[in-house]
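Open the structure in your viewer and keep the selection tool handy. Let's walk through it together, one stop at a time.

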Amino acid sequence: MANLTLTGILEKMTGKDKDYRYMATSDLLNELNKEGFKLDVDLEAKLSNIVIQQLDDAAGDVSGLAVKCLAPLVKKIHEQQVLEMTNKLCDKLLNGKEQNRDIASIALKTIVAEVPTRLLQNLFLSPFPQS
């Protein structure tokens, strides 16, 4: 049932209406903060990609909520997915639009603050994306 709810949230997060995107992102944040929240591998990848995409949302309140989603999200996804997210954020910092670099750096800082120390070592030992 939770996956069905999450699928509906993800559809609204990618919609054209910024109010729907905001409400869906808020709903996602509530779901992520629930104690028993679990993701399957496919939804994990899809959700991670959508949250990273939302960082570039034209509506600042949507991108701000997306950053808030990162903290509980990185605690509930596999290490490989966290590595992919950090690589995408590093790419945004190095090659992205100038106006999106600030939010990407805040997102990266949020992830670094939330991941366990052992994972931090892997993040910094993995090769950064080449520009």
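Before the first selection, one term: a residue is buried when its relative accessible area is under 20%. Bear in mind too that this is a predicted model.

**Stop 1: helix 5.** Select residues 79-95, the 17 residues of helix 5. From the first C-alpha to the last, helix 5 reaches 24 Å, close to the 24 Å expected at 1.5 Å a residue. Now highlight its buried residues: Gln81, Val82, Leu83, Met85, Thr86, Leu89, Cys90 and Lys92.

**Stop 2: helix 3 against helix 5.** Keep helix 5 on screen and add helix 3, residues 41-54. The two pack at an angle of about 20°, with their axes 10 Å apart. Helix 3 and helix 5 are therefore roughly parallel to each other, and their crossing is right-handed. To see the contact, show Glu44, Ala45, Ser48, Asn49 and Ile52 on helix 3, then Gln81, Met85, Lys88, Leu89 and Lys92 on helix 5. Among these, Gln81, Met85, Leu89 and Lys92 are already highlighted as buried residues of helix 5.

**Stop 3: helix 2 against helix 4.** Next, select residues 18-32 for helix 2 and residues 60-74 for helix 4. Their packing angle is about 15°, and their axes lie 9 Å apart. That makes helix 2 roughly parallel to helix 4. Helix 2 passes helix 4 in a left-handed crossing. The contact residues of helix 2 include Tyr22, Leu28, Leu29 and Leu32, while those of helix 4 include Val62, Leu65, Cys69 and Leu73.

**Stop 4: helix 6 against helix 4.** Leave helix 4 visible and bring in helix 6, residues 98-114. The axes of helix 4 and helix 6 come within 8 Å and cross at roughly 20°, and the two helices are therefore roughly parallel to each other. The crossing of helix 4 past helix 6 is right-handed. On the helix 4 side, pick Ser63, Val67, Leu70, Ala71 and Val74; they meet Ile103, Ile106, Ala107, Thr110, Ile111 and Glu114 of helix 6.

**Stop 5: a loop residue.** Go to Lys34, in the loop between helix 2 and helix 3. Is Lys34 buried, exposed or partly exposed? Its relative accessibility is 45%, so Lys34 counts as partly exposed. Draw a C-alpha to C-alpha distance from Lys34 to Gly60: they are 25 Å apart in space and 26 residues apart in sequence.

**Last stop: confidence.** Colour the chain by pLDDT. The mean is 88, and 91% of residues reach 70 or more. Among the elements of the chain, helix 2 has the highest mean pLDDT, 96, and helix 7 (residues 117-125) the lowest, 69.

Key. Residues are numbered from 1 along each chain as its sequence is written. This is a predicted model: local features need pLDDT of at least 70, side-chain atom pairs count only at pLDDT 80 or more; totals for chains, interfaces and linings use all residues. Side-chain values use heavy atoms; hydrogens and water are left out. Helices (H or I, at least four residues) and strands (E, at least two) are DSSP runs, numbered from the N terminus. The expected span of a helix is 1.5 Å times one less than its number of residues. Buried means under 20% relative accessible area, exposed over 50%, partly exposed in between (1.4 Å probe, protein chains only). pLDDT is the predictor's confidence in each residue, from 0 to 100. Axes are lines fitted to C-alpha atoms, for helices over the stretch in contact, and angles run from 0 to 180 degrees between N-to-C directions. Angles under 35 degrees count as roughly parallel, over 145 as roughly antiparallel, 65 to 115 as roughly perpendicular and the rest as oblique. A crossing is left-handed if the near helix is turned anticlockwise from the far one by less than a right angle, and right-handed if clockwise. Contact means heavy atoms within 4.5 Å.
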